[in-house]
Each structure stands twice: as C-alpha cells, then as structure tokens.
Amino acid sequence: MPSVKIPRKSTDTDMTPFVDIAFLILSFFIMATKFKPPEPVEIKTPGSVSSKELPPDDAILMTIDTANRVYFTVLAEKDKSIFDDVLKKVGTIRSLTFTNDQIATYRKTYAVGVPFSQLNSLLDMDPENQNPGTQPGIPVMDSVDNQLVSWIQAAKQVYAERQRKLKYLIKGDGESKYPTFEAVISALKKNDEFKFNLVTALEDAPTGSAMDKAIRKGIKIE
Amino acid sequence: MASIDSGGGDGGHKKGPGVKKAKKLSTRVDMTPMVDLGFLLITFFVFTATMSSPKAMDLRMPKDVKDSTQQNEAKESGALTIMLGKGNQVYYYEGKLDESASNFKSATWKEIRDEIIDKKKRVMEKHQHDYNYPESECKKRQQKAKEDKNPDWQDACLDRDFVVIIKPSQDATYKNTVDILDEMKINQVKTYAMVKIFPQEYELIQATEKNNPNLK
C-alpha cells in the first residue's frame, strides 16, 4: 500500500506585516500621548456636557481635593517671571519677605496649600518634597480672613500690570463639599471677579433632551 | 519570526577550481527582541495615553448686592427652586414655599429633569399667544435665536418667566452642584441663579433626611 506523503509545511508564518502594523500603532500612540502635567493631588472631576476647551496658560487654578483642602496654582508656563511677581506681590499684601532661594523654589512649586504662616517653611523645602497631600490646604472657610483672597488679588494685580487677561479655573473633586466651593467663589467675588471656569470631563448630552434636540437642529449653543 | 532575509542562499557562482569559496554568513537577523520591545512600548503608551482632555464649564455669578431693592425678583408663577441635599438627593418646590411646606417635594436626579422640562413647558404654554411682547429684552432674545438659526425663534421669548433657583445645602457635594448646573444647560434653561439656602429650607431638608437614615 503506497503511503500518502503529506507534504510538510513550514509552521513559520511571515509576521512582517503584523509587526509593521504594530509599529505603526506604536508611533501613533507616541505622537498622540500627551503626558498629564504633575497634579498636586488626584482629582476626579465631575462630568458635564460643556465642550469648551480649557485655557492652557495665563490662568490661576484653584484645586479642591476630596478632603476639602484648597490649593492655589499659577499656570504660566510661557513666562516664568510671573511666578516671582505673584509671590512678591502676595508678600507685599501679607507683609511677608522671601529670600531669593525661596522665590526660585516657588517657580518649581506646583501648588501651594498652606496658610501664610507656613508659606516660608514650605518654600524652604525642596520642591520634590513638598508633597501636596501632606499640606493642610489654604484656609478659606473663615469669612473674615479668607486667605485665598490675597492670592487671587496678587495674581490679578500682576496680570493687570502686564495688561494680560487672566482666567480663573476651579477644579474640584466630585466628592468635595459645597461650602468649600462656595468659599472659593466668595474669594473670587471679593476680588470683583464673577466669571470663571469649572474644570470638568466631557459627557454627551442625554438623547431627547432640549440640548440634544438643539444640537441636531444645528442651533448654536453657547 | 519577523526577520530580514537578504539572500543568504547559494546564489554565488563558481569561480573555478582553486578558488576558495568564501563562507557565506547568513544575514538573517533575529528581530524577536526588537519586536518584543515594540509591543512593550505599545502597551505602555496605550495605558498612559490620555485621550480626553479636560473641558471647562462657564460659570457666572452675580455681584453681591446688599440693598435688597436692587435685587431681581423672580416671578412666582415661573420660579422653580431646587435644593441639593445629602446623598445625591434633590428637593424642589414651585413658586413660593407654603407656610405648611406642602409643596416641598423630594426627587431623584431623573425626576428632577422631568420636573424641569415639565415646568418649562407649563410656563411656556402660558405665554403662547403674545409673540409680540413689546419688551426690548424679548426682542433681543428673539434676535439672538434668529442669529443662532433656530427655526422656532419666535418662541424664544416664551420662557422668559421661567427661572430656576439653585440652592445647594451644606451637605451637597461639588459633583451635585456641577450636575445641576449641567442640567440647566441640558434643558436649555436660560435664567438660573445659585443662591444661598435659607435656614428654614435647610431645616426642612434635614427633617426629610431624618426619615431616611440610609443617606450618607
């Protein structure tokens, strides 16, 4: 009986196209990835249907974390000298003095979350050790001495001198309580600022809602 | 495996006797480690990629006025007051709060949306026939709706009396506050205000919460 010879096929598949695609995806992700800037504390922002882009620069950011602590950050990557001026200005308002080293440290400080009494010692620390999670937060709940008012005032003055527009961002954790948010707003109000942006994550408008219908009809929504 | 083969076979021709054939080295390079590394990088970038950038929501607050005569009064017929309590609970009443608080109701988030839509509809129905309301504010609204290419631009003024008053209580979370502001946008409520809660209203919320001890 003649035996049927099954031709041996190589199990070696040509993986070149597969690898090509893999590297294509890799290059896409390398290009598309934008690394998150270091955040003082992990903030889980609530969602909203608002699709407005966040101003990336020339803004001050007030962060409220889960434990209702408030942090103050100046966002001015393009012009670092703003940091120095804001710190000097806040020093004038609060009659504090800072050494040159402390001013240099402030440039690298991502967020300030301490009362003014502790500001000097915070700036004596190496920026890498200023773990915002261990900071007590800026005292805002005291309506007589809401310290955030001075920070906003300083930033506002610095930007007014440069004749540049300053934006106000509030980034709150969804779990934080309303009174803290209200205190932050009242600090802004005391500086005669009534328009600000809340940082949110994008959500779709629910189907069938008035906004959804307006979008479908092509009506502009502000 | 993935590799480059640039002809390592016997493609050379005989040079004649005596000529020693140079030993052909294979140019096949093992690319397995490179591909491994490639996939490792892919996984890394896939995990770290942040595709959705944060968005901003506009919020305008009114200036604090001490003089109560300068404050805007909301029309009772078109006012809806929404209060935010503990544990994602929403409370609301229409118009003015009764002496006996009989129109004080509690709701869930789904119900509050229906209530806003319903109330808006009822307010708009009341004004169905006076399209040519002479007030300049009204004309402005219609003009704006026209510019926004709204086919129902004539109706833009119908909901002029509809005002939502938002009163977050001390126990409300920031998320709830943003959610209710978002709800205004979703339902296209044009006039709304965020106001401090009255002590009387807060007591009512607390009394309701007492009956529901599971709230956190």
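Author: Before we start: a residue is buried if 20 or more other C-beta atoms lie within 10 Å of its own. Also, this is a predicted model.

Reader: Thanks! With that in mind, what percentage of the residues of chain B count as buried?

Author: In chain B, 26% of the 216 residues count as buried.

Reader: And what secondary structure does chain B have?

Author: Chain B has five helices and six strands. Read from the N terminus, the order of its elements is α-β-β-β-β-α-α-β-α-β-α.

Reader: Nice. Let's switch to the contact with chain A. How many residues does each chain give?

Author: Chain A brings 54 residues and chain B brings 41 residues.

Reader: Which elements of chain A give two or more residues to that side?

Author: They are helix 1 (16–32), strand 2 (52–53), strand 5 (167–172), helix 6 (178–190), strand 6 (195–202) and helix 7 (210–217) of chain A. Helix 1 of chain A has the largest share, with nine residues.

Reader: What about the chemistry of the side of chain A that touches chain B?

Author: On that side of chain A, 30 residues are nonpolar, 13 are polar and eleven are charged.

Reader: You listed strand 2 of chain A. Which strand of chain B do its bridges join, and is the pairing parallel or antiparallel?

Author: Two bridges join strand 2 of chain A to strand 1 of chain B, residues 55–60, and these strands run antiparallel. Looking at one residue, Lys52(A) has Ala56(B) as its bridge partner in strand 1 of chain B.

Reader: Last one, back inside chain B: what share of the contacts with a separation of 6 or more comes from residues 24 or more positions apart?

Author: For chain B, that share is 62%.

Notes:
Residues are numbered from 1 along each chain as its sequence is written. Chains are lettered from A and ligands numbered from 1 in the order in which they are written. This is a predicted model: local features need pLDDT of at least 70, side-chain atom pairs count only at pLDDT 80 or more; totals for chains, interfaces and linings use all residues. Two residues are in contact if their C-beta atoms, placed from the backbone, lie within 7 Å. Helices (H or I, at least four residues) and strands (E, at least two) are DSSP runs, numbered from the N terminus. Ala, Val, Leu, Ile, Met, Phe, Trp, Tyr, Cys and Pro count as nonpolar, Asp, Glu, Lys and Arg as charged, and the others, Gly among them, as polar. Two strands pair if DSSP finds at least two bridges between them. A residue is buried if 20 or more other C-beta atoms lie within 10 Å of its own, exposed if 12 or fewer, and partly exposed in between; C-beta atoms are placed from the backbone.
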